[in-house]
Amino acid sequence: MTIVYKRSKDLPWQEIHNEIIILNASEGEAVQLNETASFLWDCLKSPLGIEELVLNTCDHFEVPPDQAKEDINIFLKDLQSKNLIQAVDGQSR
């Protein structure tokens with residue numbers, strides 16, 4: 001099974017000066033994403049796997065793949081813990 005990540009449905013968000021603010025009503029909080037996290041959020045407008053996210057990030061920010069993968073895993077776990085994204089079976093994209 002291939003895992004892909006996608007944004008949770010119906011989350012209001014706004015981009016302000018290259019950063020994204022997501023309103024998480026179920027948790028009663030606003031989540032502010034820095035420029036790199038905002039780039040990843042934009043990538044997740046369509047479901048993507050970790051390898052695709054790493055390639056996009058390396059191309060955009062010119063970082064080594066190992067560092068990108070480590071940082072992206074942290075990002076994904078953080079947003080999953082806040083129910084802002086979901087991991088789903090990639091076959092059902």
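**Close-up views of helix packing and aromatic pairs**

**View 1. Helices α1 and α3 meet through Ala37, Leu40 and Trp41 on the α1 side and Ile72, Phe75 and Leu79 on the α3 side.** The model shown here and in the other views is predicted. The contact of α1 with α3 has 6 nonpolar residues, no polar and no charged ones. The two axes come within 11 Å and cross at roughly 70°. That angle makes α1 roughly perpendicular to α3, because angles of 65 to 115 degrees fall in that class.

**View 2. Helices α1 and α2 cross at roughly 135°.** Their axes come within 11 Å. The two helices are therefore oblique to each other, and α1 passes α2 in a right-handed crossing. From α1, the residues in the contact are Glu35, Thr36, Phe39, Leu40 and Cys43. From α2, they are Leu53, Asn56, Thr57, His60 and Phe61. By class, the contact of α1 with α2 divides into 5 nonpolar, 4 polar and 1 charged.

**View 3. Helices α2 and α3 pack with their axes 9 Å apart, at an angle of about 120°.** That makes α2 oblique to α3. The crossing of α2 past α3 is right-handed. On the α2 side, Ile50, Glu51, Leu53, Val54, Thr57 and Cys58 take part in the contact. Their partners in α3, which spans residues 65-81, are Pro65, Ala68, Lys69, Ile72, Asn73 and Leu76. The contact of α2 with α3 holds 8 nonpolar, 2 polar and 2 charged residues.

**View 4. Trp13 and Trp41 form an edge-to-face aromatic pair.** A search of the whole structure finds 2 aromatic pairs. In the pair of Trp13 and Trp41, the rings are 6.2 Å apart centre to centre, with 80° between the planes. Trp13 belongs to strand β2 (residues 13-16) and Trp41 to helix α1 (residues 35-43). The pair links distant parts of the chain, as the two residues are 28 residues apart. Trp13 is partly exposed, with a relative accessible area of 35%. Trp41 is buried, with a relative accessible area of 1%.

**View 5. Phe39 and Phe61 form an aromatic pair, also edge-to-face.** Here the ring centres are 5.3 Å apart and the planes stand at 85°. Phe39 lies in helix α1 and Phe61 in helix α2 (residues 50-61), so the pair ties together parts that are 22 residues apart in sequence. Phe39 counts as buried, because its relative accessibility is 17% and the cut-off for buried is under 20%. Phe61, at 26% relative accessibility, counts as partly exposed. Both Phe39 and Phe61 are among the residues in the contact between α1 and α2.

**View 6. Thr57 lies in helix α2 and counts as buried, at 4% relative accessibility.** Not counting residues up to four places away in sequence, Thr57 touches Phe39, Leu40, Glu62, Val63, Ala68 and Ile72. Phe39 and Leu40 belong to the α1 side of the contact with α2. Ala68 and Ile72 are on the α3 side of the contact with α2. Thr57 is listed in the contact of α2 with α1, and also in the contact of α2 with α3.

**View 7. Ile85 is found in strand β5 (residues 85-89) and counts as buried, at 3% relative accessibility.** Leaving aside neighbours within four places in sequence, Ile85 is in contact with Tyr5, Lys6, Arg7, Ser8, Trp41, Leu44, Leu76, Leu79 and Gln80. Among them is Trp41, the α1 partner of Trp13 in the aromatic pair. Leu79 also appears on the α3 side of the contact with α1. Leu76 appears on the α3 side of the contact with α2. Ile85 and Asp71 are 14 residues apart along the chain, and their C-alpha atoms are separated by 16 Å.

**View 8. Glu52 lies in helix α2 and counts as partly exposed, at 29% relative accessibility.** Glu52 and Val4 are 48 residues apart in sequence. In space, the separation of Glu52 and Val4 is 9.3 Å, C-alpha to C-alpha.

Terms used. Residues numbered from 1 in each chain as written. Predicted model: local features only at pLDDT ≥ 70, side-chain atom pairs only at ≥ 80, totals over all residues. Heavy atoms only, no water. Phe/Tyr/Trp six-rings, centres within 6.5 Å; stacked < 30°, edge-to-face > 60°. Helix = DSSP H or I, 4+ residues; strand = E, 2+ residues; numbered from the N terminus. Buried < 20%, exposed > 50% of the residue type's maximum accessible area, 1.4 Å probe, protein only. Axes fitted to C-alpha atoms, helices over the stretch in contact; angles between N-to-C directions. Parallel < 35°, antiparallel > 145°, perpendicular 65-115°, else oblique. Left-handed = near helix turned anticlockwise from the far one by under 90°. Contact = heavy atoms within 4.5 Å. Nonpolar A, V, L, I, M, F, W, Y, C, P; charged D, E, K, R; others polar.
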